[in-house]
Amino acid sequence: MLLVAQLAFGQFSDEQLYMAYMSSDLSLWGQYIDAQDWKALSHPQRLRLINYEYGYIPVLADQKRMEEAEHYLLQFNDHLAQEQPHMPKATYIAYLSASHAYAYLLDKSKIFSEGMQSFKMAKQALQTDPNNPIALTLKGNVDFYAPKLFGGNKKQAMQLFLQAENIMLNDTTFRYLWNLPAIQLCIAQCYEKSGNKAAAIQQAEKTLRQHPHFSYIRQTYLPQLKQRNE
C-alpha cells in the first residue's frame, strides 16, 4: 500500500501540477486528486492533497461544473476533518473558511450563513497566525471580494496579498506551488480594481518574468489590461 502511494505521489510532481496551472488546464489536477489513496498517504502528502483540492474546487465552480465542485467540496471537508490534528491551527481555520466560501459560491442564497461564516473564520485564522501564507491569502480574498457592507476592504486586501507574496517568495517550498502565481495575479487584480492600472501592469509583467509560461496573464489578462489603460 505504501509503495503504491509513493508511486502515485511520484507521478504527479509539484512541477507538473504547476505547469498545468500555467497552461490553464487543470485536468491533471483532477487526475492527481482522484489517483490518491487517502488512507495510504503520509501526513505531508495529505496536506499537499488538501492544498490542491482547495485550489481545484473554485475552478470547477467557475466552469459551472457544480456537481463536480460539490463532490470535491464534500471530499475536501472530510479530509480537513481527518487531518485537523496534524496541520497548523491557522491553516486548518483558513481552509475551513475557504470551505464556507465555496459553499456560498455554489449557492449564492447562503450569503448570510456560509458567506458570513467564511468572513468570520478568515479573520480568526489570521489572528491565530498573522504570518501564515494560507491565512493571509484567505483573508485577503475575503476582504477583496466581500461587499463593503460585509466588511470588504480592497486596501487591506492588498496589504495581506503583498505580505503573503513576500513570505512565499522567501520560502522555496512555494517554488512550484500554484499558490504563489495565484497570489501574484491577485495583487495585479487588486491594483486594477483600486484604479491603479499602471501598478497592475507592472505587477503582471513582474509575475510573467517569474512565471513566463503563465498563459492567462500573457494571453488574456495583460493584453486586456494594457488595452484598457490606453
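User: What phi does S24 take, just after α2?

Analyst: A positive one: in this predicted model, S24 has a phi of about 60° right after α2. S24 is not a glycine, yet its phi is positive. You'll find S24 in the loop between α2 and α3 (27-35).

User: Why does S24 count as partly exposed?

Analyst: Its relative accessibility is 49%. Buried needs under 20% and exposed needs over 50%, so at 49% S24 ends up as partly exposed.

User: What makes K64 exposed, then?

Analyst: The relative accessible area of K64 is 64%. The cut-off for exposed is over 50%, so K64 is called exposed. K64 sits in the loop between α4 and α5 (66-83). K64 is also a residue other than glycine with a positive phi, near 65°.

User: Back to α2. Which of the residues in helix α2 are buried?

Analyst: In α2, which covers residues 14-22, they are L17, Y18, A20, Y21 and M22. To get that label, a residue has to be under 20% relative accessible area.

User: How do you know how much of the protein counts as buried?

Analyst: Apply that cut-off of under 20% relative accessible area along the chain, and 49% of the 230 residues count as buried.

User: Why does the radius of gyration agree with a compact globule?

Analyst: For 230 residues, a compact globule would come out near 17 Å, and the protein has 17 Å, so the two agree. As for the box, the C-alpha atoms fill roughly 60 × 40 × 35 Å along the principal axes. On contacts, take those between residues at least 6 apart in sequence: 59% of them join residues at least 24 apart.

User: How many helices and strands does the protein have?

Analyst: Twelve helices and zero strands. Reading along the sequence, you just get α-α-α-α-α-α-α-α-α-α-α-α.

User: How much space lies in the largest pocket, and which residues are closest to its centre?

Analyst: The largest pocket holds about 1400 Å³. It is lined by 37 residues, and those closest to its centre are P58, V59, L105, N141 and Y145.

User: Which helices supply the lining of the largest pocket, and which gives the most?

Analyst: At least two residues each come from α4 (43-62), α6 (89-106), α7 (111-128), α8 (133-145) and α10 (179-193). The most come from α10, with six residues.

User: How do the residues of that lining divide by class in the largest pocket?

Analyst: There are 27 nonpolar, nine polar and one charged. Pro, Val, Leu and Tyr are among the types that count as nonpolar, so P58, V59, L105 and Y145, from the group closest to the centre, are nonpolar.

User: What volume does the second largest pocket have?

Analyst: About 350 Å³. Its lining has 18 residues, with L47, N51, T173, F174 and L177 closest to the centre. Here α4, α6 and α8 each supply at least two residues, and α4 gives the most, with five. By class, the lining of this second largest pocket has ten nonpolar, five polar and three charged residues.

User: Where does pLDDT stay under 50?

Analyst: Over residues 1-9. The model has ten contacts beyond four places in sequence for that stretch. For the protein as a whole, pLDDT averages 92, and 95% of the residues score at least 70.

Technical notes
Residues are numbered from 1 along each chain as its sequence is written. This is a predicted model: local features need pLDDT of at least 70, side-chain atom pairs count only at pLDDT 80 or more; totals for chains, interfaces and linings use all residues. Side-chain values use heavy atoms; hydrogens and water are left out. pLDDT is the predictor's confidence in each residue, from 0 to 100. Contact means heavy atoms within 4.5 Å. Buried means under 20% relative accessible area, exposed over 50%, partly exposed in between (1.4 Å probe, protein chains only). Helices (H or I, at least four residues) and strands (E, at least two) are DSSP runs, numbered from the N terminus. On a 1 Å grid over the protein atoms alone, a cavity is a set of points where a 1.4 Å probe fits but cannot get out, and a pocket is an open set with protein on both sides within 12 Å along at least five of seven lines; lining residues have an atom within 4 Å of a point. Grid points are joined across faces, edges and corners, and a volume is the space filled by probe spheres set on the points. The radius of gyration is taken over C-alpha atoms; the globule rule is 2.2 Å times the number of residues to the power 0.38.
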